[in-house]
Amino acid sequence: MLALDRIIDAARAAPRSIVLPEGADPRVAAGARRAVREGIARPILLGPPGEVLAALDGDARGIAIEDPATSPRLSSYAEELHLLRHAKGMDLAAACRRIREPLAFAAMMVRQGHADGTVGGAVATTAETVRAALQIIGLAPGARIVSSFFLMILCEDHHIQKGAYVFSDCGLVIDPDAAELADIARAAAHSYTAMTGLMPKVAMLSFSTNGSARHQRVDKVVEAVRLVRQAEPGLVIEGELQFDAAFVAAVGAAKAPGSLIRGDANVFIFPNLDAANIGYKIAQRIGGARAIGPVLQGLAKPANDLSRGCSEDDVFHMIALTCAQAARTLAAPAPGEGAQVWQKSPSAEGLGQQHPG
């Protein structure tokens with residue numbers, strides 16, 4: 001778990017303020033306490049103080065507790081929400097009601113700079129979590145959609161190729177068109193750099209490699225590659241590629257001899273949600289990879305979603321990843337501005353793949 005350990009170490013070096021809207025959930029409280037013990041974050045738990053303290057077993061050291069229903073920020077937050085949503089028909093009274101909801105309150109804390117990121121979804125659905133983030137935090141500059149990724153950790157005991165990889169989009173966008181697929185690829189590349197500090201190498205996946213099959217689904221992937229290259233000529237991206245050609249050097253040399261990636265991709269973009277969701281679960285359940293996510297991307301500031309079946313460990317690791325996002329911008333650059341982004345961080349040695357030899 002070297003890659004994940006280094007992400008946690010990076011969070012410890014610069015702890016961030018992370019707000020957790022479901023503060024009375026025992027798993028969330030336990031994950032927050034661990035984040036304090038390990039020095040990776042300054043958690044803020046939302047909810048009635050008595051209920052949050054009970055979930056914390058009475059130990060709130062290093063943790064701030066805030067109740068949206070009685071917060072002194074309530075009035076200013078409601079006014080800001082009204083300004084954001086009045087064009088959609090939200091009056092001030094409705095904004096006052098909405099901002100009392102923990103997910104909305106947490107998102108507004110992040111928008112207003114009172115927290116660096118938010119992690120929810122232990123109780124709320126993904127739709128509720130994403131809706132609050134999208135409506136209140138909003139899209140990052142240059143982004144047109146919110147998508148997601150899983151950070152896939154290949155463990156030392158199970159794989160020749162080890163380290164951290166990004167799979168996207170495994171959680172949100174069901175059947176992206178070429179432009180949306182290009183946006184997902186750009187966001188995922190930035191996410192990889194934010195998580196690891198390393199240069200992304202993006203493989204746009206398909207059932208075809210370099211024209212080995214003809215189909216409109218292949219055409220979509222090829223067009224997405226063209227759009228990404230047009231927007232960010234400095235980004236290493238190849239496609240369409242079958243997974244083995246993107247991951248195994250010998251197969252890449254045989255199927256795509258002119259490829260820049262040569263079996264060394266670290267960001268894998270799936271053509272639709274069917275393929276992505278199935279793919280990450282096969283890697284997790286059969287391949288033994290550690291899957292952390294879904295992590296949201298394309299937002300102006302970090303807001304992430306937990307599974308309702310999450311554990312204390314899941315909460316802790318998502319806090320760490322959210323700190324990593326907050327430490328580096330994830331905004332997609334405007335066309336022509338991407339080349340300078342893809343530089344290896346000297347402080348991030350060893351975060352990516354560690355190939356033998």
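Buried residues account for 54% of the 357 residues in the chain, in a model that is predicted. The secondary structure comes to 13 helices and eleven strands, and among contacts between residues at least 6 apart in sequence, 74% join residues at least 24 apart. The points below take up helix H2, the nonpolar cores, the aromatic pairs, a buried threonine and the backbone exceptions.

**Helix H2 and its surroundings**

- Helix H2 covers residues 26-37, twelve residues in all, and its span of 16 Å from the first C-alpha to the last is close to the 16 Å expected at 1.5 Å a residue.
- At the start of H2, the backbone nitrogen of Arg27 has a side-chain oxygen of Asp25 within 2.9 Å, while just after the helix Gly39 adopts a positive phi of about 70°.
- The residues of H2 that are buried are Val28, Ala29, Ala30, Gly31, Ala32, Arg34 and Ala35, and their cover includes strand S1 (16-20), strand S2 (41-46), helix H3 (49-55) and helix H13 (312-327).
- Arg34, one of these buried residues, places its charged end over the ring of Phe316, 3.9 Å from the ring centre.

**Nonpolar cores**

- The largest nonpolar core has 59 residues, of which Ile40, Leu45, Leu151, Val202, Met204, Ile269 and Ile319 touch the most other members; helix H8 (residues 178-196) gives the most to this core, with nine residues.
- Another core lies apart from it and holds 27 residues, among them Leu81, Ile99, Val110 and Ala133.
- For Ile269, once its neighbours within four places in sequence are left aside, the contacts are Ser168, Leu181, Ile184, Ala185, Ala188, Val202, Ala203, Met204 and Leu205.

**Aromatic pairs**

- A search of the whole structure yields ten aromatic pairs, and one of them, formed by Phe150 and Tyr280, is stacked, with 3.9 Å centre to centre and 20° between the planes.
- This stacked pair links distant parts of the chain, since Phe150 belongs to strand S5 (residues 147-154) and Tyr280 to helix H12 (residues 273-285), 130 residues apart; Phe150 and Tyr280 are both buried.
- Phe167 and Phe268 make an edge-to-face pair, at 5.6 Å centre to centre and with 80° between the planes.
- Because Phe167 lies in strand S6 (residues 163-168) and Phe268 in strand S9 (residues 267-269), the edge-to-face pair ties together parts that are 101 residues apart in sequence.
- Phe167 counts as buried because its relative accessibility is 7%, and Phe268 likewise counts as buried, at 1%.
- Phe167 and Phe268 also belong to one aromatic cluster, whose members are Tyr165, Phe167, Phe243, Phe247, Phe268 and Phe270.

**Thr322 in helix H13**

- Thr322 is found in helix H13 and counts as buried, with a relative accessibility of 0%.
- The side chain of Thr322 makes a polar contact with the side chain of Asn304, at 2.9 Å.
- Beyond its neighbours within four places in sequence, Thr322 is in contact with Ile18, Gly117, Thr118, Val119, Pro302 and Asn304.

**Backbone exceptions**

- Most residues other than glycine have a negative phi, and most peptide bonds are trans, which is the background for the four places listed next.
- Ser168 and Asp169 are joined by a cis peptide bond with omega of about -10°, and Asp169 is found in the loop between S6 and H8.
- A cis peptide bond also joins Gly293 and Pro294, where omega is about 5°; Pro294 has its place in strand S10 (residues 290-297).
- Asp57, in the loop between H3 and strand S3 (64-66), has a positive phi near 55° although it is a residue other than glycine, and at 61% relative accessibility Asp57 counts as exposed.
- Arg262, which is not a glycine, has a positive phi of about 55°; its place is in the loop between helix H11 (249-255) and S9, and Arg262 is exposed, with a relative accessible area of 56%.

Technical notes. Residues are numbered from 1 along each chain as its sequence is written. Side-chain values use heavy atoms; hydrogens and water are left out. Helices (H or I, at least four residues) and strands (E, at least two) are DSSP runs, numbered from the N terminus. The expected span of a helix is 1.5 Å times one less than its number of residues. Buried means under 20% relative accessible area, exposed over 50%, partly exposed in between (1.4 Å probe, protein chains only). Contact means heavy atoms within 4.5 Å. A polar contact is a pair of N or O atoms within 3.5 Å; within protein, one must be able to donate a hydrogen and the other to accept it, and residues adjacent in sequence count only if both atoms are side-chain atoms. A nonpolar core is a set of buried Ala, Val, Leu, Ile, Met, Phe, Trp, Tyr and Cys residues joined through side-chain atoms within 4.5 Å. Rings of Phe, Tyr and Trp (its six-membered ring) pair if their centres lie within 6.5 Å; planes under 30 degrees apart count as stacked, over 60 as edge-to-face and the rest as tilted. A charge sits over a ring if NZ of Lys or CZ of Arg is within 6 Å of the ring centre and within 35 degrees of the ring normal.
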